[in-house]
Protein chains: 2
Amino acid sequence: MSGKGAPAPESAVTRLSHYLRRLEQLRAARVVKISSRRLGEAVGCTGAQVRKDLARFGQFGRPGIGYPVDELAAALRRILGTHHRWNTALVGVGNLGSALVRYEGFKRRGFVISCAFDRDPERIGIHVGSLAVRDVSTFGQVVRENRIRLGIIAVGAGEAQEVADMMTAAGIEGILNFAPVEINVPEGVTSYTVDLAVSLERITYRLVHRDEEKRGTPSPAP
Amino acid sequence: MSGKGAPAPESAVTRLSHYLRRLEQLRAARVVKISSRRLGEAVGCTGAQVRKDLARFGQFGRPGIGYPVDELAAALRRILGTHHRWNTALVGVGNLGSALVRYEGFKRRGFVISCAFDRDPERIGIHVGSLAVRDVSTFGQVVRENRIRLGIIAVGAGEAQEVADMMTAAGIEGILNFAPVEINVPEGVTSYTVDLAVSLERITYRLVHRDEEKRGTPSPAP
């Protein structure tokens with residue numbers, strides 16, 4: 001279904017995630033059909049963009065009738081790979097790592113942090129939720145035994161590359177990096193660095209835009 | 001500069017953030033010019049998209065010569081509002097809130113969490129970094145006295161709406177919500193809910209795509 005040719009660009013994949021979120025809300029509200037225009041509105045893009053994004057993966061819905069909510073949601077889960085559970089290995093059980101282990105937003109999408117590692121002897125053995133923190137020296141063994149493909153880096157910037165190297169050596173194929181530094185991974189491994197400031201910039205852009213609308217001129221620094 | 005007409009769509013604003021990240025890396029590497037094509041490549045979009053996004057805000061660069069790295073970075077910071085410091089108020093100093101207070105990725109972009117609040121008496125008064133946790137009952141007063149416009153919600157899903165209401169009542173204009181639940185805010189307030197699972201889906205999409213390429217067929221659930 002998504003296996004033909006080059007992978008879709010990241011921006012399109014991100015929109016698929018947002019379409020899926022919206023479809024799940026609609027499903028909960030017992031809505032059975034939705035038009036591309038209204039699905040786009042909910043996500044902040046045009047109906048044409050929705051149709052183009054979906055056409056990349058197959059034929060969904062019918063002109064004038066719209067998309068069947070249930071079917072399209074199932075198809076998107078399959079395209080994004082979230083139609084099944086993904087066991088995930090996390091390294092770095094500080095404040096952020098602990099919060100991620102408990103984050104409901106992962107579990108709900110099928111992402112289960114099934115093991116967590118640290119190198120700090122004071123953290124090894126403690127429980128975060130129902131998970132006992134393991135010694136990072138056992139990472140490769142645990143990951144291979146459990147055939148884990150996804151890793152999350154929640155260590156500081158200074159250790160992130162070292163952890164990424166350890167993960168790829170252990171066979172991890174996809175890495176979500178929360179350290180505020182870019183990591184290098186070998187060909188064939190997918191990594192993504194989360195930059196939380198990007199979300200705040202979406203908000204400050206709006207605030208600055210509104211300020212300028214009120215003043216009628218570009219804003220000086222306050 | 002960005003004050004004319006309707007605000008840019010969120011997807012375009014997010015791309016501006018990514019262009020800015022790339023420009024700052026180039027600047028650190030002492031690169032002075034970049035073409036739209038190469039700037040796009042670094043971000044995963046076309047040169048045409050870069051030119052279209054930037055043309056929305058003014059005239060930058062010259063055909064055949066490219067964009068001046070320094071100037072364009074300064075212009076993007078001004079458009080995104082990150083040419084000055086934003087004091088930010090955080091509510092909920094659990095694991096996630098503590099991690100956000102310490103997050104280097106905010107400070108580097110000019111976002112400073114200048115006050116943090118909780119309602120748990122056991123947390124009030126403790127220090128996270130150099131910040132003493134305040135009683136949430138003082139939120140409105142502190143925010144007004146310090147003219148804080150940005151708020152971060154780091155409480156659980158069950159309390160998020162209540163905190164959002166408190167924030168908007170205190171005059172907060174932009175809210176970044178980390179609780180895995182949508183919040184409602186009045187007209188004129190901008191909110192954005194962070195969904196960390198979207199980042200993992202970008203990765204699993206790639207993994208599933210590669211699996212299918214190898215097999216030559218769509219993948220069944222494992």
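**Exercise 1. Describe how H1(B) and H4(B) pack in this predicted model, and sort the contact residues by class.**

*Step 1: geometry.* In the predicted model, the axes of H1(B) and H4(B) lie 9 Å apart, and the packing angle is about 145°.

*Step 2: handedness.* The crossing of H1(B) over H4(B) is left-handed.

*Step 3: residues.* On the H1(B) side, the contact uses Leu16(B), Ser17(B), Tyr19(B), Leu20(B), Leu23(B), Glu24(B), Leu26(B) and Arg27(B). H4(B) answers with Val69(B), Asp70(B), Leu72(B), Ala73(B), Leu76(B), Arg77(B), Ile79(B) and Leu80(B).

*Step 4: classes.* Sorting the residues of this contact gives 11 nonpolar, one polar and four charged.

**Exercise 2. Find the angle at which H1(B) crosses helix H2 of chain B, and decide whether the pair is oblique or roughly perpendicular.**

*Step 1: geometry.* H2(B) covers residues 36–43, and its axis comes within 9 Å of that of H1(B), with a crossing of roughly 105°.

*Step 2: the verdict.* Angles of 65 to 115 degrees count as roughly perpendicular, so H1(B) is roughly perpendicular to H2(B).

*Step 3: residues.* Arg15(B), His18(B), Tyr19(B) and Arg22(B) of H1(B) meet Leu39(B), Ala42(B) and Val43(B) of H2(B).

*Step 4: classes.* Here the count is four nonpolar, one polar and two charged.

**Exercise 3. Work out the order of the open sheet in chain B, name its edge strands, and place the helices that lie on the sheet.**

*Step 1: order.* Read across the sheet, the six strands run S7-S4-S3-S8-S9-S10, with parallel pairing.

*Step 2: edges.* S7 (134–135) and S10 (190–193) of chain B each have a single partner strand, so one side of each has no neighbour in the sheet.

*Step 3: one pair in detail.* S3(B), residues 86–91, and S8(B), residues 150–153, are joined in the parallel sense by four bridges. Within this pairing, Val91(B) has Ile153(B) as its bridge partner.

*Step 4: helices on the sheet.* Helix H8 of chain B (residues 160–169) touches S3, S8, S9 and S10 of chain B, and its direction makes about 165° with that of S8(B). A helix from the other chain also takes part: H9 of chain A (residues 196–215) lies across S3, S4, S8, S9 and S10 of chain B, at about 160° to S9(B).

**Exercise 4. Do the strand analysis for the open sheet of chain A, then find which strands H5(A) and H8(A) touch.**

*Step 1: order.* Seven strands follow the order S5-S6-S4-S3-S7-S8-S9, and the pairing is mixed.

*Step 2: edges.* S5 (127–128) and S9 (190–193) of chain A are the edge strands, each pairing on one side only.

*Step 3: an antiparallel pair.* S5(A) and S6(A), residues 131–135, pair in the antiparallel sense over two bridges. Val128(A) stands opposite Leu131(A) of S6(A).

*Step 4: helices on the sheet.* H5(A) touches S3, S4, S5, S6 and S7 of chain A, its direction making about 150° with that of S4(A). H8(A), residues 160–169, touches S3, S7, S8 and S9 of chain A, at about 165° to S7(A).

**Exercise 5. Characterise the contact between the two chains, beginning with the residue counts and ending with the H5 pair.**

*Step 1: size.* Chain B gives 60 residues to the contact and chain A gives 60 residues.

*Step 2: contributors in chain B.* H1, H4, H5, H6, S9, S10 and H9 of chain B each supply at least two residues of the side that touches chain A. The largest share, 16 residues, belongs to H9(B).

*Step 3: classes.* This side of chain B holds 30 nonpolar, 19 polar and 11 charged residues.

*Step 4: the H5 pair.* H5(A) and H5(B), residues 95–102 in each chain, have axes that come within 8 Å and cross at roughly 140°. The two helices are therefore oblique to each other, and their crossing is left-handed. Asn95(A), Leu96(A), Ser98(A) and Ala99(A) face Asn95(B), Leu96(B), Ser98(B) and Ala99(B) in this contact. By class, that makes four nonpolar, four polar and no charged residues.

Technical notes:
Residues are numbered from 1 along each chain as its sequence is written. Chains are lettered from A and ligands numbered from 1 in the order in which they are written. This is a predicted model: local features need pLDDT of at least 70, side-chain atom pairs count only at pLDDT 80 or more; totals for chains, interfaces and linings use all residues. Axes are lines fitted to C-alpha atoms, for helices over the stretch in contact, and angles run from 0 to 180 degrees between N-to-C directions. Angles under 35 degrees count as roughly parallel, over 145 as roughly antiparallel, 65 to 115 as roughly perpendicular and the rest as oblique. A crossing is left-handed if the near helix is turned anticlockwise from the far one by less than a right angle, and right-handed if clockwise. Two residues are in contact if their C-beta atoms, placed from the backbone, lie within 7 Å. Ala, Val, Leu, Ile, Met, Phe, Trp, Tyr, Cys and Pro count as nonpolar, Asp, Glu, Lys and Arg as charged, and the others, Gly among them, as polar. Two strands pair if DSSP finds at least two bridges between them.
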